[in-house]
Amino acid sequence: MSIAWYLAVSAIVFSLGALGVITRRNPLVILLCLELMLNGANLALVAFARMWGNGDGQILALVVMTVAACEVCIGLGMIVAIYRQRLPIDVDDLRELQG
Amino acid sequence: MSTTTYGWLVLLFPLLGTLLIAFGFRSLPARLVGWIGTGAIVLAFLAALATLISLEGHSPAQRQLVSSLWSYASTVGVNGQMSILVDPLSVYMILVVTGISALIHLYSVAYMDEDRGLARFFSYLNFFVFSMLLLVLAGNFLLLIVGWAFVGAASYLLISFWYRRTTATRAGIKAFVINVVGDVGLVLGTYFIFTHTGTLDFLQTFHATQAGAFNGSHGDLVAGCILLLVGAFAKSAQIPLHTWLPDAMEGPTPVSALIHAATMVTAGVYLIARMHPLFERAPAAQDVGAVVGASTLLIAGTIALVQTDIKRVIAYSTMSQIGYMIMGVSVGAYAAGLFHLMTHAFFKALLFMAAGSVIGAMAGEQSLQKMGGFRKAMPFTYACFIIGGLALSGVPPFSGFFSKDEILLIAGERGGWHWALYVVGYLGAFLTAIYTFRMIFRAFHGEPVSEARELEGGHLHHADVPRNPASGEAEDLDVGFPGPTHAIAERALPMRLAMIVLAVGATGIGLVQIPKVDFVIDDFLRPSFASSPLYELHTNTGLLVFGLLLGTALGLAGIAIAYRIWVARPGTAAAIQARTQSLYELLVHKWYFDEAIELLVVRPAVASGRFARYTFERLVIDETIIGGTTGLVRAGSAAVRAAQSGFVRYYAALLVLGVTAVGFYFLLQS
């Protein structure tokens, strides 16, 4: 099977994630969409690794997963903090930082 | 100790005096301050004497000693050493400066006794002496300029000493500004010389000049010398930069005696004498100096005829006498000019001190119109005035007789158009006798005024409300002014002592150099002028005798005329004034120099300043450059600020769009 298919799926997954990040307002859903984007990228990495026949891309995919785990930790921590402050769980309402 | 070590000591003592008084005045008793100041200058005088004795121990060819303490400013092409030049000329100057200064400090101890600013006064005065000594001892142009600027600053501080008098502060500013014009001239002149000789050191400059540093660029040498002359004219109150000197009489009388008669104003004479190897190669500059000196001596003499402020009469007389000296050193009469510098320092300081005593008796009043008949009340001051006046008028055997006639003799010896200088000089001598004795007769002869009667009765007059003699405004008693009680020489021993020494000097100092008899000054100064072809002129005995007789006759005739006008027939002055009204107006307005400078320099400067302030600065600077820049930044930041909405999703969208755009760009490129 041509690598183009893998890349197409990867691009679709990535774009769906990006679309979710841009359109959704709930921070939990935004985190999920970010996860989608990362995994879209991971798919492309693994596909490239396969194409070249070595493990470099897979190692990079493992690194991305680690980063994703860290990012989720921080993101969920922030959501809990927002909840504790009794602030709205809505990124559009959290816009004090503006010019 | 070596000769130059004594030279450094001469500089050290006044500096120490300044610092001690300036930093210690809170803990020092008020009375002690004056004696510390005086003591510092006396020590400097003793060190100067030691320098003289030590210098005399060298053979005449080795009497130009340079000593450098450290490298003051050394960089590519410029080597400014902290160096002094001890040679007969500088030793002569330090002797005059420290000697006269010591006496004037002594006088000030009594004269300024009641002043609240006594410590300030003595620290300024010591600072002045230090600066003046630095000026005359400087071994290179750099230190000369430093000393030159320092004496200007000291002069400013002392003219404005009674700083609550608006007239005094204005006079101080005027003196400072005009002196800065001279400083600029000096610095630019130094530049012109330095570019060709490549050295700041005096002796090396002279050697380089003799070796032909100015060959092919004679114009630069003339320009440099004329710029040096601008400095000399400003410092020595020569036309047209003289208007500050009469106004400087706002300062305390000892200051007038020290700075504006005996020492600082002679700096220009010293400068021309010191730079003689340059000036002799630039005869055009010499001629400028001689003509300006001659016109100053005549114009100042005529103005002095009609002034009514006793100190201003003496101030114009000072200008006139410095005109003689400038003329003298410009025509090559170096020893004569410097000799006149010394005799003038004696009799002019004496005249100022005596005038201070009269002003004390008048409780601060300085107008000759209110004075009269002090002869019986103040016999000592009167005697000093007569001695000073005779010396100034050039009556033998007083000192002015020998020195002035020698200058004019050498001017005559040069021949050609220098005969005009000779005639102007003797005309000036005639005027000198008239205005000097006009002042004496008006202050001391005639009907005694009430102050004089009071003093004869044994009581010194005090004004009910002390007033500024120049403007009539009441004095501020809190910050120091001549004092509610005044000092007169008859009652203050230090003043009397100083005046006695000066009176003896004014009488007898002329005897050190009598034509054809002794040549102390000539011989002493010869090593400094070894390279000058003008120094040894063949003396024409006939002309010499003629000059001496003419000088005596003119001096006596002037005194006789003054006696006739102001004593024998008291109404004569008014009658002459009525007949020559327009001439009188010209002289009372000081030949309209102030008005001319106001019109030609001050008004255009003020107008351009106003244009710059209200038109140029407002439109170009404020609105275009500054307003334009801030407007640009403000508009730019408003645009950027609009992008920062605070919506995280919006940022994310922009990021995605941006990355996509970059990706597309590279795709299309490949």
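What volume does the largest pocket have? The largest pocket holds about 930 Å³, and it is one of several places visited in the close-ups below. Please keep in mind while browsing that this is a predicted model.

**Figure 1. Chain B at a glance.** Before zooming in, here is the chain that most of the views come from. Chain B contains 26 helices and four strands. Its C-alpha trace spans about 115 × 65 × 55 Å along the principal axes. Of its 670 residues, 56% count as buried. Among contacts in chain B with a separation of 6 or more, 79% are between residues 24 or more positions apart. The chain exposes about 26400 Å², and carbon and sulfur atoms supply 68% of that area.

**Figure 2. The largest pocket, with a volume of about 930 Å³.** Lining this pocket are 33 residues, and the closest to its centre are L305(B), R438(B), R442(B), W566(B) and A573(B). If you like to find your way by secondary structure, look for α18, α22, α23 (572–579) and α24 (581–588) of chain B, the elements that give two or more residues to the lining. By residue type, the lining divides into 19 nonpolar, ten polar and four charged residues.

**Figure 3. The second largest pocket, with a volume of about 670 Å³.** Here 25 residues form the lining, and those closest to the centre are V21(A), I30(A), L34(A), V648(B) and A652(B). Helices of chain A and chain B appear together in this view: α1 (3–23), α2 (27–52) and α3 (56–84) of chain A, along with α26 (648–669) of chain B, each supply at least two lining residues. The largest share, seven residues, comes from α26(B). The lining is made up of 20 nonpolar, three polar and two charged residues.

**Figure 4. The second largest cavity, with about 60 Å³ of space.** How many cavities of 30 Å³ or more are there? The count comes to three, and this close-up shows the second largest of them, lined by F402(B), D405(B), E406(B), L408(B), L409(B), Y422(B), Y426(B), P515(B), L543(B), L544(B), G547(B) and L548(B). The elements giving two or more residues to this lining are α17 (399–414), α18 (418–444) and α22 (541–568) of chain B. Of these, α17(B) gives the most, with five residues. Nine of the lining residues are nonpolar, one is polar and two are charged.

**Figure 5. The loop between α8 and α9 of chain B, home to A237(B) and P240(B).** Two backbone features share this view. Most residues other than glycine have a negative phi, and most peptide bonds are trans. A237(B) has a positive phi, near 55°. Is A237(B) buried or exposed? A237(B) counts as buried because its relative accessibility is 0%, and the cut-off for buried is under 20%. A little further along the loop, a cis peptide bond joins I239(B) and P240(B), with omega about 0°. To place the loop in the chain, note that α8 covers residues 218–235 and α9 covers 244–247.

**Figure 6. A cis peptide bond between P396(B) and P397(B).** Omega for this bond is about 5°. Where does P397(B) sit? P397(B) is found in the loop between α16 (379–393) and α17 of chain B. You have met α17(B) already, as the element that gives the most residues to the lining of the second largest cavity.

**Figure 7. W591(B), a residue with positive phi in the loop between α24 and α25 of chain B.** Phi of W591(B) is near 60°. The loop leads into α25, which runs over residues 593–643. W591(B) is partly exposed, with a relative accessible area of 34%.

**Figure 8. T3(B) and its surroundings.** T3(B) lies in helix α1 of chain B, residues 3–24. With a relative accessibility of 4%, T3(B) counts as buried. Which residues does T3(B) touch, leaving aside those up to four places away in sequence? They are T51(B), S54(B), L55(B), H58(B), L65(B) and V86(B). For H58(B), the two side chains make a polar contact at 2.9 Å. As for L65(B), that residue is 62 residues away along the chain, and the C-alpha atoms of T3(B) and L65(B) are separated by 8.0 Å.

Technical notes: Residues numbered from 1 in each chain as written. Chains lettered and ligands numbered in written order. Predicted model: local features only at pLDDT ≥ 70, side-chain atom pairs only at ≥ 80, totals over all residues. Heavy atoms only, no water. 1 Å grid on protein atoms, 1.4 Å probe; cavity = no way out; pocket = protein on both sides within 12 Å on 5 of 7 lines; lining within 4 Å. Points joined across faces, edges and corners; volume = space filled by probe spheres on them. Nonpolar A, V, L, I, M, F, W, Y, C, P; charged D, E, K, R; others polar. Buried < 20%, exposed > 50% of the residue type's maximum accessible area, 1.4 Å probe, protein only. Contact = heavy atoms within 4.5 Å. Areas by Shrake-Rupley, 256 points an atom, 1.4 Å probe, with all protein chains shown as cover. Polar contact = N/O pair within 3.5 Å; in protein donor to acceptor, adjacent residues only side chain to side chain.
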